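Hello,

Here is the structure I promised to pass on to you. My notes on what turned up follow right below it.

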Amino acid sequence: MALTLYVDTARWRAHHKHVQEQFPGLVPVCKGNGYGFGHERLAEEATRLGSDVLAVGTTYEAARIKDFFGGDLLVLTPYRRGEEPVPLPDRVVRSVSSIDGVYGLVGARVVIEVMSSMKRHGISEQDLPQLHAAIENVRLEGFAIHLPLDRTDGSDAVEEVIGWMDRLRAARLPLHTMFVSHLKADELARLQQQFPQTRFRARIGTRLWLGDHEATEYRGAVLDVTRVAKGERFGYRQQKAASDGFLVVVAGGTSHGVGLEAPKALHGVMPRAKGVARAGLATVNRNLSPFVWSGKQRWFAEPPHMQVSILFVPSDAAEPKVGDELVAHLRHTTTQFDRILDR
């Protein structure tokens with residue numbers, strides 16, 4: 001009995017090909033938990049796509065993935081002096097976001113990140129005059145810019161990239177390759193048309209692996225079902241059942257990521273109102289689970305355990321049976337499955 005990730009493999013891979021056709025020179029991204037699929041699986045899929053470069057989050061991820069992917073590995077986290085040395089092959093390319101970082105990687109293959117409106121990390125316009133000397137002792141693979149997802153000020157992502165292209169060109173720095181993130185296909189095409197001598201390579205993770213929501217589905221197996229009457233006590237904290245119903249033990253707990261949720265940026269009155277309502281219910285121990293039964297998302301009977309969750313299903317719903325599977329609406333990037341099944 002397990003928490004299973006089901007993959008409609010043909011549909012999933014058809015989506016990969018569609019994204020690859022939209023973004024020539026695509027660089028797949030495999031970081032964190034491998035977007036819910038795992039590093040080994042995504043390395044295999046990147047190889048299937050014919051990718052020559054796979055982007056990873058950290059040097060530790062590069063050390064793990066190097067045995068599964070034979071092409072170049074681009075580490076997205078910028079190099080910092082004093083970081084723990086990790087043995088890596090020459091086909092690993094390091095991102096750098098400071099002049100000091102460039103000087104610290106003598107002889108290495110590097111991609112230099114520029115500071116975007118994200119304001120996360122990157123070299124500034126003021127750093128450019130110092131780059132000429134700094135890049136003499138590294139093998140420059142190109143520049144990179146990581147753009148924000150939302151532009152609430154109405155600014156244009158393409159214009160932001162053009163601004164940096166103009167600055168780099170004015171500084172007489174090599175512009176053979178520019179790695180970009182969070183651009184639309186038509187925006188990438190506009191840039192490629194305006195700068196035909198530069199190869200633009202889109203680094204894409206979420207849109208590539210998770211862009212077709214219908215291609216994947218999590219399901220948790222029912223392990224036990226116990227009938228309870230209103231007022232009957234149950235669970236670790238011996239709470240009382242609010243009504244007659246069933247306690248349903250389903251595979252999937254905190255070790256799988258069930259019950260863990262990343263903060264969301266809320267826009268508009270209705271999403272904020274729903275957020276307030278959820279917070280209010282949580283104060284009286286009413287938390288909606290990600291598991292669905294008989295067409296409805298069911299409530300946790302109590303906080304999820306390490307490997308299972310206990311749900312409350314009211315008596316007016318069909319009684320789940322041991323071995324049934326409940327669809328679970330889980331976030332791929334925070335979920336660890338027991339098994340993955342292609343179908």
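Let me begin with what packs over helix 2: the cover of its buried residues includes helix 1 (9-22), strand 2 (27-28), strand 3 (53-56), helix 3 (59-65), helix 8 and strand 18 (339-342). Contact here means heavy atoms within 4.5 Å, while helices (H or I, at least four residues) and strands (E, at least two) are DSSP runs numbered from the N terminus. The buried residues of helix 2 (residues 39-48) are His39, Arg41, Leu42, Ala43, Glu45 and Ala46. By buried I mean under 20% relative accessible area, with exposed over 50% and partly exposed in between (1.4 Å probe, protein chains only). Just after this helix, glycine 50 takes a positive phi of about 80°.

Some ground rules before you load it. This is a predicted model, so local features need pLDDT of at least 70 and side-chain atom pairs count only at pLDDT 80 or more, whereas totals for chains, interfaces and linings use all residues. Residues are numbered from 1 along each chain as its sequence is written, and side-chain values use heavy atoms, with hydrogens and water left out.

Now the cores. A nonpolar core is a set of buried Ala, Val, Leu, Ile, Met, Phe, Trp, Tyr and Cys residues joined through side-chain atoms within 4.5 Å. The largest one has 90 residues, and Phe37, Ile112, Leu131, Phe143 and Phe200 have the most contacts inside it. Helix 6 (residues 157-170) gives the most to this core, with seven residues. A second, separate core of nine residues includes Phe234, Ala241, Ala301 and Val308.

Leucine 131 touches Ile99, Val102, Ile112, Ile123, Phe143 and Leu173, leaving aside residues up to four places away in sequence. One of those partners, isoleucine 123, sits in the loop between strand 6 and helix 5 and is buried, with a relative accessible area of 0%. With the same sequence neighbours left out, isoleucine 123 touches Ser97, Ser98, Ile99, Ile112, Glu113, Val114, Met115, Leu128, Leu131 and Trp164.

What about lysine 119, in the loop between strand 6 (109-114) and helix 5 (128-134)? Lysine 119 has a positive phi of about 55° although it is not a glycine, and this residue is exposed, with a relative accessible area of 66%. Glutamine 238, in the loop between strand 11 (233-234) and strand 12 (239-240), also has a positive phi of about 55° without being a glycine. Glutamine 238 is partly exposed, at a relative accessible area of 41%. Most residues other than glycine have a negative phi.

You may also like the second largest pocket, which has a volume of about 660 Å³. On a 1 Å grid over the protein atoms alone, a pocket is an open set of points where a 1.4 Å probe fits, with protein on both sides within 12 Å along at least five of seven lines, and lining residues have an atom within 4 Å of a point. Grid points are joined across faces, edges and corners, and the volume is the space filled by probe spheres set on them. Its lining has 27 residues, of which Leu147, Leu149, Ser181, His182 and Arg207 lie nearest the centre. The largest share, three residues, comes from strand 9.

Happy exploring!
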